[in-house]
Amino acid sequence: MQSKKKTLLRIALYIVLAYLPMYVLGFAFSDKEGSLTSALAGNSLMLFPAIAVIITRLITKEGFRDALLGTGRRKSGKYYAAAVIFPVLLPLVSGLILHLFIVKSGSIGDSAFCDNGMLTTAVLLTTPATGLAMAAHGFGEELGWRGYLTPKLEELMPTPLAIVVTGMIWALWHGPLLAYGYDFGRDYDFFPYGGFIAMIVMCIALSAFLTWLTKRTDSVYPAALCHIVYDMTCAGEFTMFAMKADGTPFEYRVSEFWVLILSIFPVLIVCGAVCIMLLRKKRISD
Amino acid sequence: MAGFLYRELRLSWYKIILFMFGMMIYPVLIALLMRNSPDMKDISGGVSALVSGVGAVMAFLIGGTFEVTMFKDDERRKWTYYTASTPDGIKRQIGAKYIVTLFFAIATVTMLTLVNSFAYDGNHDIAIATSLYMVLFYVQLFMRSLEYPLIVRFGGKMGNVVKMVPIAAVVLGGAVYLLFGDLSPFADMSSFWDRLFEALEDSETAGKIALGTGIAALGITVLYYLSYRLSVKWYLKGVDHYAK
């Protein structure tokens, strides 16, 4: 009982420390369009969960023994590869779904992705390369969510539930940005609540995959790499499917909000569900 | 691996902090200058990226000194034989150094990005130079990929001499080109940068550069791994060159 109370207190302290700078900077520098007016604030936001973990561990005197800072178990290479390949492949499948079901007129051949082979290859190569160079930003978040919060929640509940709760807390951490239209825009009927719900669903699915990577390797680095490459490919690669070669957007059957939901989410959710099942199976076999 | 990583950080923490401060002096000064000064009206767009690039090159050069020093610090025969006697000791010892180098380079890019953002907040005319930092990050890894196996194989002093051979060859090649090559692109230096930035604005040229960067980045990542494997292979061969 004492141990559970201690864990709850540690979780609460971490959440307060991670949320505080995000909410202060998020509202103070908001451009009311889902982004920030300060580039410095925008570029440092992803580092705050890691800073929160460091402060929490120092205050609670937990130390860093279980912080998953090693490079992982033997033969972890395939999981590092998966961490890069999954976010690069995801927009390709999402692009196919987009053009099969959502684009009203025009074919995938007209998209910027298929029009210029050289540019497409450049984007496919430079995205993971930039991801590696910018990996500290992914690490900043993953050290907090997957390296601290999920393991702490697992002390209180089963792994799948811990993944869901982590996903929700992680999604709501983006609150000040979502409230003004971050990621999903403002052009939908139930703004901004739809954006919050969509972000929660996306974060739960991603949380499952990132937790799977972390648990398989006993390290936060694959999740960090995957996180930052995912952020970049969604912005770069998927946009190339959504645009024509001349830079104008395709005509869709639904609003832009639903374009993102219907094209990206199916793959994410399937992947997240598979990861939760794999993690449950592993726990049962243990 | 975690143990060796911990050892590296435990032994070098003060150097890491000092070098982090040292290498950020130039970029921070440049950022302060570009952020506020009314005299900086002409420094915008591509020119500002170049100015930021100078600070970034300095940061990577100073950071590179730390990375090489970290390797040379362990040039002791007793330590080498002890490491080799532990299970997978050589792989872990060398791996930890390659990983610390990678982390240090990543940290450099992050800090440069933050400093650049700080400058941008004060002056929206200057460019966000993240792509440039990414290029420098891979140049850094490329240099270390060539340097580390030589340091491992020949020891710090001799390794540096061996490293100078290809550098001297490149300098010599450059000198020969300057003497006999086509210098027409550099004929009018006053408009050289304008022409360069104009060329970069052309989407096809930008695409070609992006493709080249992507291929180079992929190649350097593979080279970095191969360099690690080579260093592991050569580790015990370099012992004879150690002074202690």
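In this predicted model, helix 7 (residues 135-154) of chain A packs against helix 10 (residues 193-217) of chain A at an angle of about 70°, and their axes lie 11 Å apart. Angles of 65 to 115 degrees count as roughly perpendicular, and the two helices are therefore described as roughly perpendicular to each other. On the side of helix 7 of chain A, the contact is made by Glu142(A), Arg146(A) and Thr150(A), while helix 10 of chain A brings Leu210(A), Thr211(A) and Thr214(A). Sorted by class, the contact of helix 7 of chain A with helix 10 of chain A holds one nonpolar, three polar and two charged residues.

Helix 7 of chain A also has a contact with helix 1 (residues 2-28) of chain A, and here the axes come within 9 Å and cross at roughly 150°. Because an angle over 145 degrees counts as roughly antiparallel, helix 1 of chain A is roughly antiparallel to helix 7 of chain A. The crossing in which helix 1 of chain A passes helix 7 of chain A is left-handed. Thr7(A), Arg10(A), Ile11(A), Tyr14(A) and Ala18(A) of helix 1 of chain A meet Gly144(A), Tyr148(A), Leu149(A), Lys152(A) and Leu153(A) of helix 7 of chain A. By class, the residues of this contact between helix 1 and helix 7 of chain A divide into six nonpolar, two polar and two charged.

A further partner of helix 7 of chain A belongs to the other chain: helix 7 of chain A and helix 4 of chain B pack at an angle of about 95°, with 8 Å between their axes. This pair, too, is therefore roughly perpendicular. Ala135(A), Ala136(A) and His137(A) of helix 7 of chain A make the contact with Ile106(B), Ala107(B) and Thr110(B) of helix 4 of chain B. The residues of the contact between helix 7 of chain A and helix 4 of chain B comprise four nonpolar, two polar and no charged ones.

From this pair of helices we can turn to the contact between the chains as a whole, which takes 22 residues from chain A and 26 residues from chain B. On the side of chain B that touches chain A, helix 1 (2-36), helix 4 (89-122), helix 5 (130-180) and helix 7 (203-234) of chain B each supply at least two residues, and helix 4 of chain B gives the most, with 11 residues. The residues of that side of chain B divide into 18 nonpolar, six polar and two charged. For the complex, the predictor gives an ipTM of 0.90 and a pTM of 0.91.

Chain B has seven helices and zero strands, and its C-alpha trace spans about 60 × 45 × 30 Å along its principal axes. Of the 244 residues of chain B, 32% count as buried. Among the contacts in chain B with a separation of 6 or more, 83% come from residues that are 24 or more positions apart. Glu75(B), in the loop between helix 2 (45-72) and helix 3 (77-85) of chain B, has 20 C-beta neighbours inside 10 Å and therefore counts as buried. Glu75(B) and Val152(B) are 77 residues apart in sequence, yet their C-alpha atoms are 8.7 Å apart in space.

Some details of the backbone deserve attention, because most residues other than glycine have a negative phi, and most peptide bonds are trans. Lys32(A), in the loop between helix 1 and helix 2 (39-44) of chain A, has a positive phi of about 65° although it is not a glycine, and with 10 other C-beta atoms within 10 Å Lys32(A) is exposed. Asp218(A), in the loop between helix 10 and helix 11 (221-242) of chain A, likewise has a positive phi, near 60°, but Asp218(A) counts as partly exposed, with 14 C-beta neighbours inside 10 Å. The peptide bond from Phe191(A) to Pro192(A) is cis, with omega near 0°, and Pro192(A) lies in the loop between helix 9 (175-178) and helix 10 of chain A.

Finally, the confidence of the prediction can be followed along each chain. Chain A has a mean pLDDT of 91, and 98% of its residues reach 70 or more; within chain A, confidence is lowest in helix 12 (residues 256-285), at a mean of 84, and highest in helix 3 (residues 48-60), at 97. Chain B averages a pLDDT of 86, and 96% of its residues score at least 70; among the elements of chain B, helix 6 (residues 192-201) has the lowest mean pLDDT, 75, and helix 4 the highest, 93.

Notes:
Residues are numbered from 1 along each chain as its sequence is written. Chains are lettered from A and ligands numbered from 1 in the order in which they are written. This is a predicted model: local features need pLDDT of at least 70, side-chain atom pairs count only at pLDDT 80 or more; totals for chains, interfaces and linings use all residues. Two residues are in contact if their C-beta atoms, placed from the backbone, lie within 7 Å. Helices (H or I, at least four residues) and strands (E, at least two) are DSSP runs, numbered from the N terminus. Ala, Val, Leu, Ile, Met, Phe, Trp, Tyr, Cys and Pro count as nonpolar, Asp, Glu, Lys and Arg as charged, and the others, Gly among them, as polar. A residue is buried if 20 or more other C-beta atoms lie within 10 Å of its own, exposed if 12 or fewer, and partly exposed in between; C-beta atoms are placed from the backbone. pLDDT is the predictor's confidence in each residue, from 0 to 100. Axes are lines fitted to C-alpha atoms, for helices over the stretch in contact, and angles run from 0 to 180 degrees between N-to-C directions. Angles under 35 degrees count as roughly parallel, over 145 as roughly antiparallel, 65 to 115 as roughly perpendicular and the rest as oblique. A crossing is left-handed if the near helix is turned anticlockwise from the far one by less than a right angle, and right-handed if clockwise.
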